[in-house]
Amino acid sequence: MSAERPSWAPQDIDVEKPNAARIYDYLLGGACNFEPDRRFAEQFLKIVPNVDRSFRANRAFLGRAVRFCVDAGIRQFLDIGSGIPTVGNVHEIAQGLAPECRVVYVDNEPVAVAHSEAILEDNRNAAVLHADLSDPDTVLNSDSVARLIDFEQPMALLMVAVLHFVPDSAEPRASVARYLGPMAPGSYFVVSHGSTAGLDDVPAGAERAYDNTTTPFISRNHAEVMDLMAGTELVEPGLVWVPQWRPEAPGDVGDDPARIGIMGAVGRKPR
Ligand SMILES: C[S@@+](CC[C@H](N)C(=O)[O-])C[C@H]1O[C@@H](n2cnc3c(N)ncnc32)[C@H](O)[C@@H]1O
């Protein structure tokens, strides 16, 4: 069956195969997705019934981490794997608190880039770049980064719910090190990462479900995610299930945060 190609869909994408950006968009209630993405998401919900809750918890973590960074004095953000714009975008949160904040979004998925371009048209302090996390030189040498990021000043690097789409063969640790290298001391690194490590009853098929998408998923455990954050000192409470990271109210954590299946942390580049 051939999927529809809406008028807003960039020509250079495969609309037949589900993709993480558009599955996430659909499960967060967005409209920037295609029939195969929606079909995949509905099937995935049958395997992991709380996955939409996990995605919302991840998005809430992103919001709290951005507010934490702004409160800590950060005014520039490089958000890699930024996704399709949805509720609580990084520039909206950061510029809502401090209008001078500058944001560069990076994503390798054309729908995410096209929609980000559209909403940033009138925003001089934010830009989006179509690039891959595993190509740090393209990102770091881009015009957008040159215009909006001052490496002499502390910044925040965000990789939220994206590293689990980067296999070890693509050397994510080397890419992270390349991004962290030029960042000023006192900069922050915000990470969230999918993980089945907290569950002894992983639903059959859950880990392999994304294999048939353009973005296969790789679960990593606590030590492996810590390793990706090497070179930073984690702020309290360290690497935890995302609802446990500085919750706004104790009731927000829930009874079984490991079931959310996404870990999060904020690291600080030492002085
Ligand atoms: C689950 S979404 C997360 C969006 C946002 N960071 C959030 O947490 O709400 C993952 C995003 O990472 C993007 N992505 C996956 N692999 C990537 C890569 N190698 N380079 C850049 N972006 C990537 C996807 O296209 C998607 O938009």
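**Close-up 1. Helix H3 gives the most to the shell around the ligand, with three residues.** Welcome to this predicted model; we begin with the ligand and its neighbours. The shell around the ligand holds 18 residues, and those that come nearest are Tyr24, Arg59, Gly81, Asp107 and Val160. By character, the shell residues divide into nine nonpolar, five polar and four charged.

**Close-up 2. Polar atoms of Asp107, Leu133 and Val160 meet the ligand.** Start with Asp107: an N or O atom in the side chain of Asp107 is 2.6 Å from an oxygen atom of the ligand. Leu133 takes part through its backbone, where an N or O atom lies 2.8 Å from a nitrogen atom of the ligand. Val160 also uses a backbone N or O atom, and this atom lies 2.8 Å from a nitrogen atom of the ligand. How much of the ligand does the protein bury? Taken alone the ligand exposes 600 Å², and the protein buries 97% of that. Two elements give two or more residues to the shell around the ligand: helix H1 (20-27) and helix H3 (51-71).

**Close-up 3. Ser116 is a buried residue of helix H5.** Helix H5 covers residues 110-119, and Ser116 lies within it. Is Ser116 buried or exposed? Ser116 counts as buried because its relative accessibility is 3%, under the cut-off of 20%. Leaving aside residues up to four places away in sequence, Ser116 touches Gly83, Pro85 and Val128.

**Close-up 4. Glu35 and Arg39 pair up within helix H2.** Side chains of opposite charge can pair when their charged atoms come close. Here the side chains of Glu35 and Arg39 meet in a salt bridge, at 3.6 Å from N to O. Both residues lie in helix H2 (residues 35-47), four residues apart, which is about one turn of the helix. Glu35 counts as partly exposed at 32% relative accessibility, and Arg39 counts as partly exposed at 40%.

**Close-up 5. Arg56 and Asp52 form a salt bridge within helix H3.** Helix H3 appears again here, this time with a pair of charged side chains: those of Arg56 and Asp52 meet at 3.8 Å, N to O. Along helix H3, Arg56 and Asp52 are four residues apart, about one turn of the helix. With 47% relative accessibility, Arg56 counts as partly exposed; Asp52, at 22%, counts as partly exposed too.

**Close-up 6. A salt bridge joins Asp168 and Arg220.** The closest N and O atoms of Asp168 and Arg220 are 2.8 Å apart. Where in the chain do Asp168 and Arg220 lie? Asp168 lies in the loop between strand S4 (156-160) and helix H8 (172-180), while Arg220 lies in the loop between strand S5 (188-194) and helix H9 (222-228), so the pair ties together parts that are 52 residues apart in sequence. Asp168 counts as exposed, at 57% relative accessibility, whereas Arg220 is buried, with a relative accessible area of 5%.

**Close-up 7. Three charged residues share a network of salt bridges.** Which residues make up this network? Arg22, Asp37 and Glu109 are linked in it. For the wider picture, the count of salt bridges comes to 13.

Definitions and conventions. Residues are numbered from 1 along each chain as its sequence is written. This is a predicted model: local features need pLDDT of at least 70, side-chain atom pairs count only at pLDDT 80 or more; totals for chains, interfaces and linings use all residues. Side-chain values use heavy atoms; hydrogens and water are left out. Buried means under 20% relative accessible area, exposed over 50%, partly exposed in between (1.4 Å probe, protein chains only). Contact means heavy atoms within 4.5 Å. A residue is near a molecule or strand if one of its heavy atoms lies within 4 Å of it. A polar contact is a pair of N or O atoms within 3.5 Å; within protein, one must be able to donate a hydrogen and the other to accept it, and residues adjacent in sequence count only if both atoms are side-chain atoms. Accessible areas come from the Shrake-Rupley method with a 1.4 Å probe; for residues, only the protein chains shown count as cover. Ala, Val, Leu, Ile, Met, Phe, Trp, Tyr, Cys and Pro count as nonpolar, Asp, Glu, Lys and Arg as charged, and the others, Gly among them, as polar. A salt bridge is a side-chain nitrogen of Lys or Arg within 4 Å of a carboxyl oxygen of Asp or Glu.
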